[in-house]
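Here is a short report on one protein chain. Keep the sequence and the 3D view open while you read.

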Amino acid sequence: MDSTSFVGNPGSLLTFLGRVPGDGRTLVRDPRTNTWYDLSHVAGYPAGVLAASVDAELAGTGNDLYVTVATADQVAQTRCTVFPAPGTGGVPAWPGNCRPFAVVS
């Protein structure tokens, strides 16, 4: 199974993509580097991920990208700081800019 999700404003150059290629990994593409980053090594990442969704924080500072993943029996979520760009301004590089996954259902 392959699952794809994106977040960005229409016409914006900053569109983050999330993808589950079917091998249990979750990949996020940062448009500033055109690189796919593997989040499956972030602490708490569940085994057997079937789908993923990405969403930007709409309230507060707007610096974070939420990545939600689903397995056959649970949903987990991480929050990744994306502004300033990971690897700059004191923000760790991908995937160190992501907090541990937490089960949300």
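## An unusual backbone angle, and the chain around it

Asn 34 lies in the loop between E3 and strand E4 (35-38). The model is predicted. The phi of Asn 34 is positive, about 55 degrees, although Asn 34 is not a glycine. In general, most residues other than glycine have a negative phi, and most peptide bonds are trans. Is Asn 34 buried or exposed? Asn 34 counts as exposed because its relative accessibility is 52%, and the cut-off for exposed is over 50%.

**Overall make-up.** The chain has zero helices and eight strands. Read from the N terminus, the order of elements is β-β-β-β-β-β-β-β. The chain has 105 residues, and 36% of them are buried. Its accessible surface is about 5500 Å². Carbon and sulfur atoms hold 57% of that surface. Among contacts with a separation of 6 or more, 35% join residues 24 or more positions apart.

**Cis peptide bonds.** Two bonds that end at a proline are listed here.

| Peptide bond | Omega | Place of the proline |
|---|---|---|
| Phe 83 to Pro 84, cis | near -5 degrees | Pro 84: loop between strand E7 (75-81) and strand E8 (102-103) |
| Trp 94 to Pro 95, cis | about -10 degrees | Pro 95: loop between E7 and E8 |

Pro 84 sits in the loop between E7 and E8. Pro 95 is placed in the loop between E7 and E8 as well.

**The disulfide.** How many disulfides does a search of the whole structure find? The search finds one. Cys 80 and Cys 98 form a disulfide, with their sulfur atoms 2.0 Å apart. The pair links distant parts of the chain, 18 residues apart. Cys 80 is in strand E7, while Cys 98 is in the loop between E7 and E8. The torsion about the S-S bond of Cys 80 and Cys 98 is about 105 degrees, so the disulfide is right-handed. Both Cys 80 and Cys 98 are buried.

**The nonpolar core.** The largest nonpolar core holds 19 residues. Val 28, Leu 39, Leu 65, Val 67, Val 69, Trp 94 and Phe 101 have the most contacts inside this core. Which elements give two or more residues to this core? They are E2, strand E5 (51-56), strand E6 (64-70) and E7. E6 gives the most, with three residues. Trp 94 has a part in two of these topics: Trp 94 is among the core residues with the most contacts, and a cis peptide bond joins Trp 94 to Pro 95.

**Arg 25 and its surroundings.** Now turn to another loop. Arg 25 is found between strand E2 (16-20) and strand E3 (27-30). Arg 25 is partly exposed because its relative accessible area is 30%, and partly exposed covers the range between the 20% and 50% cut-offs. The side chain of Arg 25 makes a polar contact with the side chain of Asp 23, at 2.8 Å. Which residues does Arg 25 contact, leaving aside its neighbours within four places in sequence? They are Arg 19, Val 20, Asp 38, Ser 40 and Tyr 45. Ala 47 is 22 residues from Arg 25 along the chain, and the C-alpha atoms of Arg 25 and Ala 47 are separated by 8.8 Å.

Technical notes
Residues are numbered from 1 along each chain as its sequence is written. This is a predicted model: local features need pLDDT of at least 70, side-chain atom pairs count only at pLDDT 80 or more; totals for chains, interfaces and linings use all residues. Side-chain values use heavy atoms; hydrogens and water are left out. Helices (H or I, at least four residues) and strands (E, at least two) are DSSP runs, numbered from the N terminus. Buried means under 20% relative accessible area, exposed over 50%, partly exposed in between (1.4 Å probe, protein chains only). Contact means heavy atoms within 4.5 Å. A polar contact is a pair of N or O atoms within 3.5 Å; within protein, one must be able to donate a hydrogen and the other to accept it, and residues adjacent in sequence count only if both atoms are side-chain atoms. A nonpolar core is a set of buried Ala, Val, Leu, Ile, Met, Phe, Trp, Tyr and Cys residues joined through side-chain atoms within 4.5 Å. Accessible areas come from the Shrake-Rupley method with a 1.4 Å probe; for residues, only the protein chains shown count as cover. A disulfide is a pair of cysteine sulfur atoms within 2.5 Å.
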